[in-house]
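Student: Could you take a close look at one part of this chain for me, starting from a single residue and working outward? I'd enjoy one connected account rather than a list.

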Amino acid sequence: MVIDQDYFYWSLIEELVLKQKYTILAISQDSHEVLLEPFRNKQFSIVRLRRMDVDWGNSLALDIQHAGQKFEQLLRSGVRGPIHVMNIYVSSLPPVDDYPEEFEKGYSRLKGKIDITSTLLVKNELEEGLQKLEEALNVPLIHKIENQPAQNIEIEDIQQVRNRVINHHNQLRDEEREIFQNGKPFFTYIFLAIQIIMFLFLELFGGSTNTETLIRFGAKYNPLIFEGEWWRFFTPVVLHIGFLHLLMNSVSLYYIGPAVERAYGSFKFLFIYFVSGIAGTIVSFAFSPSLSAGASGAIFGCFGALLYIGVHNREVFFRTMGSNLLVIVGINLALGFVIPSVDNAGHIGGLVGGFLAALIVQLPKKKLILYRLIGLIATVILLVGFYRYGMNQAEIQYTTIRGQELIKEEKFQEAYSLLSNAIVNENSANNDLLLLLSVTEIELRKFDQAEQHLQQIISNDDSIHQAHYFLAVLYINIGEISLAEEAIANALKYEPTNEGYKSFKNSIHN
């Protein structure tokens, strides 16, 4: 009977490890205790299997308490809790007395940070016990009874099952180690050094937060990219705006860069870093008019390259870094949507670019030609498509800035020609362009056109208070005092503290 239960104990472990993809966390020296991590079931963070022939209920209580103390030590050593444990005993017979409270009601310590649910599998009650275990773990186990050998089991049979489990475990560990042994970090530290040196240059020549200095050293500035300064698609990767920005990206690169370089090799890492950095800047160019710089896009590209490992080998990915990596990427993207100053377009572009670059270069010893072709085509489409879209957006931004300059210089006719042509050519109802155009139209006394454009802005977005203000100015010019009062009141509704609007309102009645 003891040998039968030993065989069942290892067969159950084999089922969970080989068929259900559980990961072996630890095996005791006598092999009578095995800790597993479930692959899918998140109800329990650890499954503990214990081979012991129970005599008295007290022995169960002591073992559960002993296990609880071990898990408490794990929490104290820095393991993230809570720890929910499915505690499985394989025994020849049930205890001769009552089950202890720790078994019946469960074991809980540290305000629920450790929770142990126990079950007992005995030879004469296997079907009932396995049914309960199936429900708890959500895996098929009842067939283990049907597959139990009918003949007498020998010690060699137990050893064979145990060896299959151990060999499988060792093979998985070898696969995990092999993925991150394809190179040594080199370019990671080169890029770290470059971005630190460039930060010092920025500080010496005007400051890393100074707009003119950043533009002079190559930050992403859409109007200059529109004029042909294409190198600004990569130079922003080595520039950072302020010490905190440098510190955050340097720490991120220090931790994530070596993992990618070890996985892909140094020159493939270099390709991934360049492509993802450029992709991040191009997508930012397409969707963000703001001045920007930083290695965030390239670092997100490193995340994308690691995510590709999940496509290549899903099991190894989730056994090593998968869940944590997905959480980190998710948190960073979520922060990008919440914090206005974060260039999330660059982050997303870098993430996708890094994934596609990894698809092109592939992991070492892998030659999936079709995947490489798909990655290359998708990368070209991504870069060219967003570049062309960005050029269209940059033209609008460029026209807006040039229009503001001409209006400031009181060159109203030249500004009018520029802005009206831009709106016709782009077939655009861009509110900024329309607002500037309406200003030139008022100055040139094209009041009907100005009113039409200002009303168009207000219909697009009533909260644009400048449109209401210039409408009031227009009405004053044509002698519509009541309409001017109504328009300036609307402007003050959205900008009640604006002294210029208040002064204009008072001037109407004087």
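Tutor: Happy to. One cut-off is needed at the start: a residue counts as buried when its relative accessible area is under 20%, as exposed when that area is over 50%, and as partly exposed in between. Please keep in mind throughout that this is a predicted model.

Let's start with serine 284, which sits in helix α11, a helix running over residues 266-287. Its relative accessibility is 1%, under the 20% limit, so serine 284 is buried. What does serine 284 touch, once residues up to four places away in sequence are set aside? The answer is Lys220, Ser292, Asp343, Ala345 and Gly346.

Stay in helix α11 for a second residue, glycine 277. With a relative accessible area of 2%, glycine 277 falls under the 20% limit and is therefore buried too. Its contacts, again leaving aside neighbours within four places in sequence, are Phe233, Val237 and Ala298. Valine 238 gives a useful distance here: it is 39 residues from glycine 277 in sequence, and the two C-alpha atoms are 9.7 Å apart in space.

The contacts of serine 284 include Ala345 and Gly346, and those positions fall within helix α15, which covers residues 344-361. Helix α15 has 18 residues, and the distance from its first C-alpha to its last is 26 Å, close to the expected 26 Å. Of those 18 residues, 15 are buried, so α15 is mostly covered. Just after this helix comes glutamine 362, with a positive phi of about 65°.

For a contrast with the buried residues, turn to helix α10, residues 243-264. Methionine 248 lies in this helix, and its relative accessible area of 52% is over the 50% limit, so methionine 248 counts as exposed. Methionine 248 belongs to a nonpolar surface patch along with Tyr189, Phe243, Leu244, Leu247, Val251, Tyr254 and Tyr255. Together these residues have about 900 Å² of accessible area. Helix α10 gives the most to the patch, with 7 residues.

Further along the chain is helix α16, residues 369-408. At 1.5 Å a residue, its 40 residues should span 58 Å, and the end C-alpha atoms are 57 Å apart, which agrees. Glutamate 410 follows α16 and has a positive phi, near 60°.

The residues around the end of this helix bring us to charged pairs. Side chains of opposite charge can pair when their charged atoms come close. Glutamate 414 and arginine 402 do this through a salt bridge of 3.9 Å, N to O. Because glutamate 414 is in helix α17 (residues 412-426) and arginine 402 is in helix α16, the pair ties together parts that are 12 residues apart in sequence. Both partners are partly exposed, glutamate 414 at 42% relative accessibility and arginine 402 at 29%. Glutamate 409 and lysine 411 form another salt bridge, at 3.3 Å, N to O. Here glutamate 409 has a relative accessible area of 42% and lysine 411 one of 39%, so each counts as partly exposed.

A pair within one helix makes a nice companion case. Glutamate 499 and lysine 502 meet in a salt bridge of 3.8 Å, N to O. They are 3 residues apart in helix α22 (residues 499-508), which means that about one helical turn separates them. Glutamate 499 is exposed at 56% relative accessibility, whereas lysine 502 is partly exposed at 34%. Elsewhere, salt bridges with shared partners link Glu33, Arg48, Arg50, Asp63 and Lys70 into one network. The whole structure has 15 salt bridges.

Finally, the chain as a whole. It has 22 helices and 6 strands, and 48% of its 510 residues are buried. Among contacts with a separation of 6 or more, 68% come from residues 24 or more positions apart. The accessible surface is about 26,200 Å², with 55% of it belonging to carbon and sulfur atoms. As for confidence, the mean pLDDT is 85, and 89% of residues reach 70 or more. Confidence is highest in helix α7 (residues 187-204), at a mean of 94, and lowest in helix α5 (residues 143-146), at 57.

Terms used
Residues numbered from 1 in each chain as written. Predicted model: local features only at pLDDT ≥ 70, side-chain atom pairs only at ≥ 80, totals over all residues. Heavy atoms only, no water. Helix = DSSP H or I, 4+ residues; strand = E, 2+ residues; numbered from the N terminus. Buried < 20%, exposed > 50% of the residue type's maximum accessible area, 1.4 Å probe, protein only. Contact = heavy atoms within 4.5 Å. Patch = residues over 30% accessible without salt bridge, like charges linked within 9 Å, V, L, I, M, F, W, Y side chains within 5 Å. Areas by Shrake-Rupley, 256 points an atom, 1.4 Å probe, with all protein chains shown as cover. Salt bridge = Lys/Arg side-chain N within 4 Å of Asp/Glu carboxyl O. Expected span 1.5 Å × (residues − 1). pLDDT = per-residue confidence, 0-100.
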